[in-house]
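User: I've got this one open and would like a close look at a single part of it, the charged pairs. After that, feel free to wander through whatever else is worth pointing out.

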Amino acid sequence: MAQEAQIVTRIAPSPTGYMHIGTARTALFNWLYARGRGGKFVLRIEDTDRARSTPEATQAILDGMAWLGLDYDGEAVSQFARADRHRLVALDMLAKGHAYKCFSTQDEIAAFRDAAKAEGRSTLFLSPWRDRDDHPDAPYVIRLKAPRDGQTIITDQVQGDVTIQNATLDDMILLRSDGTPTYMHAVVVDDHDMGVTHVIRGDDHLNNAARQIQIYRAMGWPEPVWAHIPLIHGEDGKKLSKRHGATGVMEYAEMGIPAAAMRNYLARLGWSHGDDELFTDAQALDWFDLSGIGKSPARLDMKKLGNVAGWHIANAEDADLVAQIAQYLDITGRDALSQVQQDGLTRAMYCLKDRAKSLPELLDKGRFVLENRPLNYDEKAVNTLDPVSRGILRELTAQLQNASWTRDTLEGVLNAAAVSHGLKFGKLAGPLRAALSGRTVSPSVFDMMLVIGREETLARLTEAASLGD
C-alpha cells in the first residue's frame with residue numbers, strides 16, 4: 001500500500017505595511033490543517049511588487065505570525081528571490097508550445113478594448129500573436145496559451161465544483177517585457193516547488209484558480225487541493241474595512257487580546273465544530289477540517305471576541321498571563337515590570353482574572369499590587385476617606401497588628417468592626433478599598449490584604465488614616 005503524501009500548506013501574504021486580520025485567519029486555517037495532520041506549514045512573502053515591498057512591511061508579517069504563535073517550517077521564502085526559476089518555467093512553456101510571444105503594445109491593447117466596448121462585445125484581449133511566428137525585433141511579453149473552448153472545473157473543498165467557461169479566460173502574461181515574472185505565474189511555480197498539496201485561501205482568488213490550473217496542466221504538475229474560504233465582513237455585513245475598527249492583527253495585540261483567544265476567535269470566524277465556541281489549541285488542531293468551513297462570509301463581532309478573551313484569561317495559568325502582560329507592554333512600548341512587580345502580579349492573578357477581557361484590564365485591576373507607597377489616590381477614593389472613615393481605619397490598624405493573616409480571621413475582624421460602628425460591611429469596604437488601592441473599584445479587600453501581606457496592609461491603612469492631617 002502506497003504511503004500517503006505529507007500534507008503541505010502555505011500562507012503567502014504580500015507585504016503591504018501590516019498583516020490583515022483576514023490574512024491571519026487564512027494563516028491559522030492553513031496552520032491548523034497541516035499541524036493537525038502532522039504536515040508542513042510554510043511561509044512565503046509575495047514581494048514581487050517592489051514598489052510596495054519593504055523590509056518593514058515584511059517584518060510586520062513576521063511579527064504578526066510570531067504574536068499569533070503560528071510557527072512555520074524552514075525559513076520564510078521571498079518570491080522575488082525566485083524570479084530566475086519563474087523565468088525558466090515560462091521559457092519551458094514557451095518551448096513546449098504552451099505559451100507564446102506577444103508583441104502587442106499597450107496602445108494596441110487599449111484600442112482593441114475601446115473598439116470591443118463600442119461594439120458591445122467582450123473586452124477580453126485576444127492577442128493576434130497567439131499563432132504567429134513572424135516575430136519582429138521588438139519588445140514582447142510571454143503569454144500563456146490558454147484553452148479558448150470548453151470549460152475549466154475547479155474542484156473546491158469549500159465552494160464545491162465551480163465551472164468557468166474558458167472563453168472568459170484571457171491568455172495571461174507570464175513574463176513581462178522586462179523579463180520579470182507576474183504574480184499569477186510565480187504563485188503556481190512556488191506552490192509546486194514548495195510541495196504545497198492544499199491551497200487554502202480567500203475566495204477572492206477563486207477566478208485565479210481557473211487560470212492557474214492551466215499552468216499546472218501545461219507543466220504536467222499535480223494540482224493541489226483547492227479550498228477557497230469566504231472573506232471576513234464587518235458587523236454590518238459589508239466587506240471589512242477601517243471603518244469597522246481594527247483590521248491589522250497587531251492592532252489586536254496592542255489592545256491586549258491574548259493570542260490564544262485570537263486564535264480561538266479567528267478559528268470560529270467561518271469554521272465551526274458543532275456548537276463549540278470556546279476551545280483550546282489542542283481541540284482546534286484535533287477538530288479542524290475543511291468540511292467545517294461555511295460558504296457565507298463571516299462577520300467580525302468585537303463583543304464576541306471580548307467574551308472569548310475573557311474565557312481564555314480565566315482559564316490561563318497565572319504565570320503565563322504575567323508573561324503575556326510582559327509581551328503586551330513590550331509591544332506597546334511601555335515600561336517593563338520589575339521582578340518584584342511580576343511576582344506580586346503572579347500572587348494576585350487569582351483575584352484579577354475573573355471577568356477580565358483583556359490584558360490591560362488585568363493590569364488595571366492589579367494596580368494595587370504594582371504601585372508603591374505613597375499611593376496615588378483618585379478623587380473618589382479621597383472623598384471616601386472622610387474623617388469618620390479615617391478614624392475607623394486607625395482602629396483597624398491596631399486590631400490587625402496581631403491578627404492571624406487568614407481570610408477567616410480577617411473577615412471576622414472587619415465584620416466585627418463594622419458591627420461596632422453600626423455599619424453594614426459594604427459601608428466599611430469603601431474606605432478600605434480606597435486605603436489599600438487608592439481607588440474605589442478593586443478586587444475584594446480580603447484578597448488585596450492577603451496578596452500584599454500584613455506589613456504592607458498596615459502601612460497603607462496608616463497612610464490613608466493620616467490623609468488631611
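Which residue forms a salt bridge with Glu-119, and how far apart are the closest N and O atoms?

Analyst: That would be Arg-121: the closest N and O atoms of Glu-119 and Arg-121 are 2.6 Å apart. Keep in mind that this is a predicted model. As for surroundings, Glu-119 has a relative accessible area of 56%, so it counts as exposed. Its partner Arg-121 comes in at 38%, which makes it partly exposed.

That pair is one of 28 salt bridges in the structure. Another joins Asp-134 to Arg-132, with 3.0 Å between the closest N and O atoms. Here Asp-134 is partly exposed at 44% relative accessibility, and Arg-132 is partly exposed too, at 36%. Then there's Arg-268, bridged to Glu-277 with the closest N and O atoms 2.7 Å apart; Glu-277 has a relative accessible area of 31% and is partly exposed.

Salt bridges also link up into a network here. Its members are Arg-10, Arg-44, Glu-46, Arg-82, Arg-85, Asp-190, Asp-191 and Asp-193.

On to the strands. Strands 4, 5 and 8 make an open sheet in the order 4-5-8, and the pairing is antiparallel. Strand 4 (99-102) and strand 8 (173-175) are the edge strands; each has a single partner, so one side of each has no neighbour in the sheet. On average, and ignoring direction, neighbouring strands of this sheet are turned by 45° against each other. Zooming in on one pairing, strand 4 and strand 5 (residues 141-144) run antiparallel and are joined by four bridges. If you want a spot to look at there, Tyr-100 sits opposite Arg-143 of strand 5.

Now for the empty space inside. Rolling a probe the size of a water molecule over the atoms shows where such space is left. Counting cavities of 30 Å³ or more gives two.

The largest has a volume of about 50 Å³. Its lining is made up of Leu-28, Trp-31, Leu-32, Arg-263, Asn-264, Ala-267, Phe-279, Thr-280, Asp-281 and Ala-284. Helix 1 (21-35), helix 8 (259-268) and helix 9 (281-287) each contribute at least two residues to that lining. By class, the lining of the largest cavity splits into six nonpolar, two polar and two charged residues.

The second largest cavity is about 40 Å³ in volume. Around it you'll find Arg-25, Phe-29, Ile-229, Pro-230, Leu-231, Gly-270, Ile-293, Gly-294, Ser-296, Pro-297 and Ala-298. That lining comes to seven nonpolar, three polar and one charged residues.

One last stop is Gly-38, in the loop between helix 1 and strand 2 (40-45). With a relative accessible area of 57%, Gly-38 is exposed. From Gly-38 to Glu-361 it's 323 residues in sequence, and 37 Å in space going from C-alpha to C-alpha.

So, back to the part you asked about: Glu-119 pairs with Arg-121, and that pair brings together an exposed Glu-119 and a partly exposed Arg-121.

Conventions:
Residues are numbered from 1 along each chain as its sequence is written. This is a predicted model: local features need pLDDT of at least 70, side-chain atom pairs count only at pLDDT 80 or more; totals for chains, interfaces and linings use all residues. Side-chain values use heavy atoms; hydrogens and water are left out. On a 1 Å grid over the protein atoms alone, a cavity is a set of points where a 1.4 Å probe fits but cannot get out, and a pocket is an open set with protein on both sides within 12 Å along at least five of seven lines; lining residues have an atom within 4 Å of a point. Grid points are joined across faces, edges and corners, and a volume is the space filled by probe spheres set on the points. Ala, Val, Leu, Ile, Met, Phe, Trp, Tyr, Cys and Pro count as nonpolar, Asp, Glu, Lys and Arg as charged, and the others, Gly among them, as polar. Two strands pair if DSSP finds at least two bridges between them. Axes are lines fitted to C-alpha atoms, for helices over the stretch in contact, and angles run from 0 to 180 degrees between N-to-C directions. A salt bridge is a side-chain nitrogen of Lys or Arg within 4 Å of a carboxyl oxygen of Asp or Glu. Buried means under 20% relative accessible area, exposed over 50%, partly exposed in between (1.4 Å probe, protein chains only).
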